[in-house]
Amino acid sequence: MATTVYAAATSSSMAATAVMLPHLPTRTTTARCSAFPTLPARSFSTSIKQVSESKRSNLFQVKAAEDASSAPDANELFDDLKEKWDAVENKSTVIIYGGGGVVAIWLSSILIGAINSVPLLPKIMELVGLGYTGWFVYRYLLFKSSRKELATDIESIKKKIAGTE
């Protein structure tokens, strides 16, 4: 493949720079500063109506129709929620647990903000997290026997949560 040398001068105070690029056949006679071939220019229309139906993909039309028909109706969603709420026997417990969850998230946000305001503490916490991650990888993920042990531990925890053990 033949190589052509292009010279480009950036300004009168800077020296000319020679660039070695592979010679690519071009349709025009202008020099390019890239080894990539030029792509033909495309004209994009801003109106969707100008695109003819024959150029549209059938797959696109089917997916659009499926998405439009499977969109949940707001009334159905509210009816579902109302039915589930009516099926709950102890509503006060659900409200207390929900409120407790919101308060716990709020308090943890305040605690994390306080920790982040102490100058060195966030970096120390990052180091502790990295250290624990390294230990976990070494202890449970590095060797095949320890991976099996981790899998059995996870399965036993799943059984305890589900109440089958």
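Student: Helices are DSSP runs of H or I, at least four residues, and strands runs of E, at least two, numbered from the N terminus. What phi does Gly163 take, just after α5?
Tutor: Gly163 has a positive phi of about 85°. This is a predicted model, where local features need pLDDT of at least 70, side-chain atom pairs count only at pLDDT 80 or more, and totals for chains, interfaces and linings use all residues. Residues are numbered from 1 along each chain as its sequence is written, and side-chain values use heavy atoms, without hydrogens or water.

Student: How far apart are the end C-alpha atoms of α5?
Tutor: They are 27 Å apart, which agrees with the 27 Å that its 19 residues should span at 1.5 Å a residue (1.5 Å times one less than the number of residues).

Student: And which α4 residues meet α5?
Tutor: Phe136, Arg139, Tyr140 and Leu141 in α4 touch α5 through Ser146, Arg147, Glu149, Leu150 and Asp153 (contact: heavy atoms within 4.5 Å).

Student: What joins the side chains of Arg139 and Glu149?
Tutor: A salt bridge, 3.0 Å from N to O (Lys or Arg side-chain nitrogen within 4 Å of an Asp or Glu carboxyl oxygen). Arg139 sits in helix α4 and Glu149 in helix α5, 10 residues apart. The structure holds two salt bridges.

Student: What is the mean pLDDT of the protein?
Tutor: It is 74, with 56% of the residues at 70 or more (predictor's confidence per residue, 0 to 100). Over residues 1–19 the pLDDT is below 50, though this stretch has 24 contacts in the model beyond near neighbours in sequence. Where pLDDT is low, predicted coordinates should not be read in detail.
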